[in-house]
Amino acid sequence: MCTRFVYRGRDMITGFNFDIDPAQWDHQVICEKDRFYLGILRPDGIRHAYHGVNRNGNAGTLLYVHGNPAGAYEDNPEAITIADLTEQFIQAKISFDDALRLVQTKKIVYAPDATMQAMLSDRSGRTLMIEPGLGFRADAGRFSLVTNYSLLDPESTRPFTLPGDDRYERASQLLMEYGDCFSVDDAFSVLRAVRQEGLWATRVSFVYSAGEQAVYYAENNDFAHIEKYEFLPG
């Protein structure tokens with residue numbers, strides 16, 4: 001369970017709640033010179049950057065979604081997994097325009113072992129929602145928001161909506177109440193309001209400010225202790 005949004009006010013701000021069972025997903029907050037990311041340990045022994053921000057403003061996140069057969073993993077040159085696409089974006093190996101071109105020309109599929117959808121955004125607030133097997137959507141407007149259900153075909157995931165899971169509705173209502181002056185503190189207020197507890201609790205919440213070129217983050221719902229990671233010049 002996760003929540004991600006992009007808010008386009010005077011500052012371009014993105015927020016993300018990373019909700020996971022740590023017994024299933026070994027993660028670590030990693031701050032590098034050019035990247036802030038949540039390193040997910042995979043069978044290859046590498047901590048992959050599937051959720052994070054590059055110093056150039058590329059921000060990418062993967063969110064679990066109930067799969068559909070049209071997005072099933074394929075090992076062929078005409079397909080690219082949503083995981084690889086997202087990681088390449090966070091690593092700045094591809095730009096936003098590159099990502100847009102890829103979703104227009106390649107078949108985007110799930111990873112072999114997980115059904116995920118992605119939200120990608122750049123420093124100017126351009127946002128791309130990608131759902132394997134269903135397509136993509138380039139967003140505009142005041143904000144973009146996604147949780148763990150399809151935006152392109154809501155009926156396809158409605159049968160799998162968990163009872164009482166109204167994170168999307170609550171976050172959307174909160175975001176609609178803000179104007180141009182949407183701040184880092186405001187972003188954390190939204191993330192705090194939709195935080196999860198229990199087995200799939202919110203393990204990391206991070207907010208990226210394009211204006212500040214900085215990432216703020218809290219771990220394990222401890223919003224009283226927020227750390228700041230700033231991308232330094234050069």
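Good morning. By class, 15 nonpolar, 4 polar and 5 charged residues make up the lining of the largest pocket. The structure on display is a predicted model, and I shall begin with this pocket before turning to the sheet beside it in my outline.

The largest pocket holds about 430 Å³ of space. It has 24 lining residues, and those closest to its centre are Trp-25, Tyr-50, Leu-62, Ala-114 and Met-116. As for secondary structure, the elements that contribute two or more residues to this lining are β2 (12-19), β5 (47-54), β6 (59-64) and α1 (82-90).

Let me stay with β5. Of its 8 residues, 7 are buried, so this strand is largely enclosed by the rest of the structure. Burial here stands for a relative accessible area under 20%.

Which strands pair with β5? On one side there is β4, residues 35-41, which pairs with β5 in the antiparallel sense over 6 bridges. Within that pairing, Leu-41 has Arg-47 of β5 as its bridge partner. The two strands form a hairpin with 5 residues between them, and in the turn Gly-45 has a positive phi of about 85 degrees.

The other partner is β6, again antiparallel to β5, over 2 bridges. Here Gly-52 stands opposite Gly-60 of β6, and Val-53 stands opposite Ala-59 of β6. β5 and β6 likewise form a hairpin, with 4 residues between them; Gly-57 in that turn has a positive phi of about 100 degrees.

We can now place these strands in the sheet. It is an open sheet of 7 strands, antiparallel in its pairing, and the order is β3-β4-β5-β6-β9-β10-β11. At the edges stand β3 (27-31) and β11 (135-139); each has a single partner strand, so one side of each is left without a neighbour in the sheet. From one strand to the next, the twist averages 25 degrees.

Two helices should be described together with this sheet. Helix α1 packs on the sheet and touches β4, β5, β6, β9 (116-121) and β10 (127-131), its direction making about 50 degrees with that of β5. Helix α1 also belongs to the elements giving two or more residues to the lining of the largest pocket. Helix α2, residues 96-105, lies across β9, β10 and β11 and runs at about 30 degrees to β10.

I turn next to the second largest pocket, with about 250 Å³ of space. Its lining includes Thr-147, Tyr-149, Ser-150, Leu-151 and Pro-154, as well as Arg-158, Asp-165, Arg-167, Tyr-168 and Glu-169. Two elements, α3 (154-157) and α4 (167-176), give two or more residues each to this lining. Which of them supplies the largest share? That share, 3 residues, comes from α4. By class, the lining divides into 4 nonpolar, 4 polar and 4 charged residues.

My last item is a single residue, Ser-189, which lies in helix α5, residues 184-193. Is Ser-189 buried, partly exposed or exposed? Its relative accessibility is 27%, so Ser-189 counts as partly exposed; that class covers the range between 20% and 50%. Ser-189 and Asn-17 are 172 residues apart along the chain, and their C-alpha atoms are separated by 12 Å. Asn-17 falls within β2, which spans 12-19 and contributes to the lining of the largest pocket.

To close, I would return to β5: 7 of its 8 residues are buried, it pairs with β4 and with β6, and it gives residues to the lining of the largest pocket. Thank you.

Definitions and conventions: Residues numbered from 1 in each chain as written. Predicted model: local features only at pLDDT ≥ 70, side-chain atom pairs only at ≥ 80, totals over all residues. Heavy atoms only, no water. 1 Å grid on protein atoms, 1.4 Å probe; cavity = no way out; pocket = protein on both sides within 12 Å on 5 of 7 lines; lining within 4 Å. Points joined across faces, edges and corners; volume = space filled by probe spheres on them. Nonpolar A, V, L, I, M, F, W, Y, C, P; charged D, E, K, R; others polar. Buried < 20%, exposed > 50% of the residue type's maximum accessible area, 1.4 Å probe, protein only. Pairing = 2+ DSSP bridges. Axes fitted to C-alpha atoms, helices over the stretch in contact; angles between N-to-C directions. Contact = heavy atoms within 4.5 Å.
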